[in-house]
Amino acid sequence: MASSEEDGGAGNGSLEEKESGKAAAPRRRGSVTTAWLIFYNITMTAGWLVLAIAMVRFYMEKGTHKGLYKNIQKTLKFFQTFALLEIIHCAVVVHTSMLVTGVQVSSRIFMVWFITHSVKQIQNEDSVILFLVVWTVTEITRYSFYTFNMLNHLPYFIKWARYNFFIILYPVGVIGELLTIYAALPYVKRSGMFSVRLPNKYNVSFDYYYFLLVVMASYVPLFPQLYFHMLRQRRKVLHGEVIVEKDD
């Protein structure tokens with residue numbers, strides 16, 4: 001669920017360990033690891049700020065969102081692909097779920113490279129701008145949260161924004177992603193993009209069009225789980241509620 005990275009996506013701040021639903025032994029980080037995580041989060045905050053400024057400047061100059069994606073796509077692709085490092089962070093640095101982070105990061109990569117990059121006809125769709133705005137606000141908030149938290153100087157507004165903005169941004173972003181995939185369907189079906197037809201020497205077939213339908217359907221069970229998880233985290237962090245999550 002691409003727009004759900006409000007929670008635990010990077011797993012870089014020490015607060016993430018405290019916010020985990022399960023008790024875990026504390027993990028000490030070396031100075032090099034801490035320095036890397038601070039550098040990473042500052043870099044990602046700056047990268048998404050650059051994207052935000054570029055988007056605002058483009059719209060102010062052109063008066064339209066047509067052509068905006070083409071204008072910012074290189075920066076978007078770089079920083080979103082760079083986020084693959086967060087899966088490694090989960091594995092070797094911090095106590096966050098690799099599965100959740102992997103789904104979140106890979107879904108973003110999928111939207112960037114296998115939807116908007118591959119189906120260029122949809123790049124000017126309103127839905128593309130919708131999820132881009134949501135991603136940008138979300139990531140600036142998230143990475144600045146991690147940065148200030150690791151520096152032990154977390155402004156309350158940043159903390160408040162991280163655990164409140166998602167209430168609106170998450171569903172709006174999901175709508176944008178779904179509408180974008182839906183807009184891509186006719187072009188994918190007509191072109192046969194990424195599909196493998198029979199007969200072939202491997203005797204295997206794959207239809208990217210139907211794969212996208214499955215992807216869209218997967219939002220139905222995934223969205224409520226991730227959304228309500230964030231609501232539980234919000235109550236725990238902002239209101240001090242003790243919440244015990246059951247093991248699956």
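**Entry 1: α2 against α6**

I began with the axes of helix α2 (residues 31-62) and α6, which come within 8 Å and cross at roughly 150°. This is a predicted model, and I read the geometry as such. Angles over 145 degrees count as roughly antiparallel, and α2 and α6 are therefore roughly antiparallel to each other. I noted the crossing of α2 and α6 as left-handed.

I then listed the residues that meet. On the α2 side I found Thr34, Leu37, Ile38, Tyr40, Asn41, Ile42, Met44, Thr45, Trp48, Leu49, Ala52 and Met55. On the α6 side they meet Leu132, Val133, Trp135, Thr136, Glu139, Ile140, Tyr143, Ser144, Tyr146, Thr147 and Met150. Sorted by class, the contact of α2 with α6 has 16 nonpolar, 6 polar and 1 charged residues.

**Entry 2: α3 against α6**

Next I took helix α3 (residues 68-82) with helix α6 (residues 126-150). Their axes come within 13 Å and cross at roughly 40°. That makes α3 oblique to α6. The α3 and α6 crossing is left-handed.

Which residues of α3 meet α6? I found Leu68, Tyr69, Ile72, Leu76 and Gln80 in α3, and they meet Val128, Ile129, Leu132 and Trp135 in α6. In this contact of α3 with α6 I have 8 nonpolar residues, 1 polar and no charged ones. I went back to the α2 list and found Leu132 and Trp135 there as well.

**Entry 3: the chain as a whole**

I looked up the secondary structure, which comes to 9 helices and 0 strands. Along the sequence the pattern reads α-α-α-α-α-α-α-α-α. The chain has 248 residues, and buried residues make up 46% of them. I also checked contacts between residues at least 6 apart in sequence, and 77% of these join residues at least 24 apart.

**Entry 4: confidence**

The pLDDT of the chain averages 88, and 85% of the residues score at least 70. Which element has the lowest mean pLDDT, and which the highest? Helix α1 (residues 14-19) has the lowest, at 42, and helix α8 (residues 166-191) the highest, at 98.

I marked two stretches. Over residues 4-9 the pLDDT stays under 50, and the model has 33 contacts beyond four places in sequence for them. Over residues 13-26 the pLDDT is below 50 too, and this stretch has 34 contacts in the model beyond near neighbours in sequence. Where pLDDT is low, the predicted coordinates should not be read in detail. I took neither contact count further.

**Entry 5: the α5–α6 loop**

I placed glutamine 121 in the loop between α5 (98-116) and α6. Is glutamine 121 buried or exposed? Its relative accessible area is 49%, and buried means under 20% while exposed means over 50%, so glutamine 121 counts as partly exposed. I also looked at tyrosine 187, which is 66 residues from glutamine 121 in sequence and 7.9 Å from it in space, C-alpha to C-alpha.

**Entry 6: the α6–α7 loop**

Asparagine 152 lies in the loop between α6 and α7 (156-162). I noted its phi near 60°, a positive value in a residue other than glycine. The relative accessible area of asparagine 152 is 70%, so I have it as exposed.

**Entry 7: the α8–α9 loop**

I looked up two backbone features in this loop. Phenylalanine 194 has its place between α8 and α9, and its phi is near 60°, positive in a residue other than glycine. With a relative accessible area of 41%, phenylalanine 194 is partly exposed.

Where is proline 199 found? Proline 199 is found in the loop between α8 and α9. The peptide bond from leucine 198 to proline 199 is cis, with omega near 0°.

**Entry 8: phenylalanine 211**

I closed with phenylalanine 211, which is in helix α9 (residues 208-239). Phenylalanine 211 is partly exposed, at a relative accessible area of 33%. Which residues is phenylalanine 211 in contact with, leaving aside neighbours within four places in sequence? I found Phe110 and Phe206. Serine 195 is 16 residues from phenylalanine 211 in sequence, and the two are 9.5 Å apart in space, C-alpha to C-alpha.

Conventions. Residues are numbered from 1 along each chain as its sequence is written. This is a predicted model: local features need pLDDT of at least 70, side-chain atom pairs count only at pLDDT 80 or more; totals for chains, interfaces and linings use all residues. Side-chain values use heavy atoms; hydrogens and water are left out. Axes are lines fitted to C-alpha atoms, for helices over the stretch in contact, and angles run from 0 to 180 degrees between N-to-C directions. Helices (H or I, at least four residues) and strands (E, at least two) are DSSP runs, numbered from the N terminus. Angles under 35 degrees count as roughly parallel, over 145 as roughly antiparallel, 65 to 115 as roughly perpendicular and the rest as oblique. A crossing is left-handed if the near helix is turned anticlockwise from the far one by less than a right angle, and right-handed if clockwise. Contact means heavy atoms within 4.5 Å. Ala, Val, Leu, Ile, Met, Phe, Trp, Tyr, Cys and Pro count as nonpolar, Asp, Glu, Lys and Arg as charged, and the others, Gly among them, as polar. pLDDT is the predictor's confidence in each residue, from 0 to 100. Buried means under 20% relative accessible area, exposed over 50%, partly exposed in between (1.4 Å probe, protein chains only).
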